[in-house]
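Biologist: I'd love a close look at one part of this model rather than a tour of the whole thing. Could you pick a part and walk me through how it is put together?

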Amino acid sequence: MNKQQLEQILPHRQEMLLLDTCEKVDDNHALATYKIRGDEFFLRGHFPDNPVVPGVILCEIMAQSCCVLINQSNDDQTHKERIAYFTGIKEAKFKGIVRPQDELKIETELTRQMSNFYFAKGKIVVKDNIVALAEFSFALV
């Protein structure tokens, strides 16, 4: 799915919609992409003359991919009208620097569900190198 299709699933809009594409691979896995253009708001001050994508933004990118999975995990219309809210991050690790023009490949997996709570993990790969990993939790409300 492209950005227009993602806007039908996610509540995020410019400048916070941080996925270019996202495809649900199966019930528990998604693959997404995002190219760092260089004009994103979070690069303006992080850092002038040496732009680096903040780790918290990398976590947000993974979380948005997880939300696509959560919002598509059930055909019930009531389910689709709810929003998955971020409730936690565990084990976040940043293993590389992400800069303008990098093409991110985001892989996410739903690992568990308990009622309206979802648990997932994600990773971001740039040029075959893992640059970020984390575990997430969400509440569907």
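Modeller: Happy to! Let me start with how an angle is taken here: axes are lines fitted to C-alpha atoms, for helices over the stretch in contact, and angles run from 0 to 180 degrees between N-to-C directions. Please keep in mind that this is a predicted model. The part I would pick is helix 2 and the sheet it lies on. Helix 2 lies across strand 1, strand 2, strand 3, strand 4, strand 5 and strand 6, and runs at about 55° to strand 6.

Let's take the sheet itself. Six strands make up an open sheet in the order 1-2-4-5-6-3, and their pairing is antiparallel. Strand 1 (21-26) and strand 3 (84-94) each have a single partner strand, so each of these edge strands has one side without a neighbour in the sheet. From one strand to the next, the twist averages 20°.

We can now walk across the sheet from strand 1. Strand 1 and strand 2 run antiparallel and are joined by five bridges, forming a hairpin with two residues between them. Within this pair, K24 stands opposite A30 in strand 2. The next step goes from strand 2 to strand 4, again antiparallel, over seven bridges; here K35 has E103 in strand 4 as its bridge partner.

Strand 4 (residues 103-114) then pairs with strand 5 (residues 117-126) in the antiparallel sense, over nine bridges. I106 stands opposite I124 in strand 5. Two residues lie between the strands of this hairpin, and S115 takes a positive phi near 60°. Strand 5 in turn pairs with strand 6 (residues 129-140) in the antiparallel sense over 10 bridges, with V125 and I130 in strand 6 as bridge partners. This hairpin too has two residues between its strands, and K127 takes a positive phi near 50°.

Strand 2 is a good place to see the two faces. In a regular strand the side chains alternate between the two faces of the sheet. The covered face of strand 2 has A30, A32 and Y34, while H29, L31, T33 and K35 are on the uncovered one. Of the uncovered set, H29 is worth a look: its relative accessible area is 30%, which means it counts as partly exposed, falling between the limits of 20% and 50%. Its side chain makes a polar contact with the side chain of D26 at 2.9 Å. Leaving out residues up to four places away in sequence, H29 touches E23, K24, L69, T108 and E109. From H29 to I124 the C-alpha distance is 14 Å, with their positions 95 residues apart in sequence.

Back to helix 2 (55-71). Of its 17 residues, 15 are buried, so helix 2 is largely enclosed by the rest of the structure. Its length checks out as well: at 1.5 Å a residue, the 17 residues should span 24 Å, and the end C-alpha atoms are 24 Å apart, which agrees. One residue of helix 2 is N71, and a relative accessible area of 5% means that N71 is buried. A polar atom of the N71 side chain lies 3.1 Å from the backbone oxygen of I9.

What do the helix and the strands build between them? In soluble globular proteins, nonpolar side chains tend to be buried together. The largest nonpolar core here has 41 residues, and L19, I61, L104, I106, I124 and F138 have the most contacts inside it. Strand 2, helix 2, strand 4, strand 5 and strand 6 each supply at least two residues of this core, and helix 2 gives the most, with 11 residues. The facing pair I106 and I124 thus turns up again among the residues with the most contacts in the core.

F138 makes a nice last stop. Neighbours within four places in sequence aside, F138 is in contact with A63, C66, C67, I70, A84, Y85, F86, T87, N116, F117, Y118 and A120.

Terms used:
Residues numbered from 1 in each chain as written. Predicted model: local features only at pLDDT ≥ 70, side-chain atom pairs only at ≥ 80, totals over all residues. Heavy atoms only, no water. Pairing = 2+ DSSP bridges. Helix = DSSP H or I, 4+ residues; strand = E, 2+ residues; numbered from the N terminus. Core = buried A, V, L, I, M, F, W, Y, C linked by side-chain atoms within 4.5 Å. Buried < 20%, exposed > 50% of the residue type's maximum accessible area, 1.4 Å probe, protein only. Contact = heavy atoms within 4.5 Å. Expected span 1.5 Å × (residues − 1). Polar contact = N/O pair within 3.5 Å; in protein donor to acceptor, adjacent residues only side chain to side chain.
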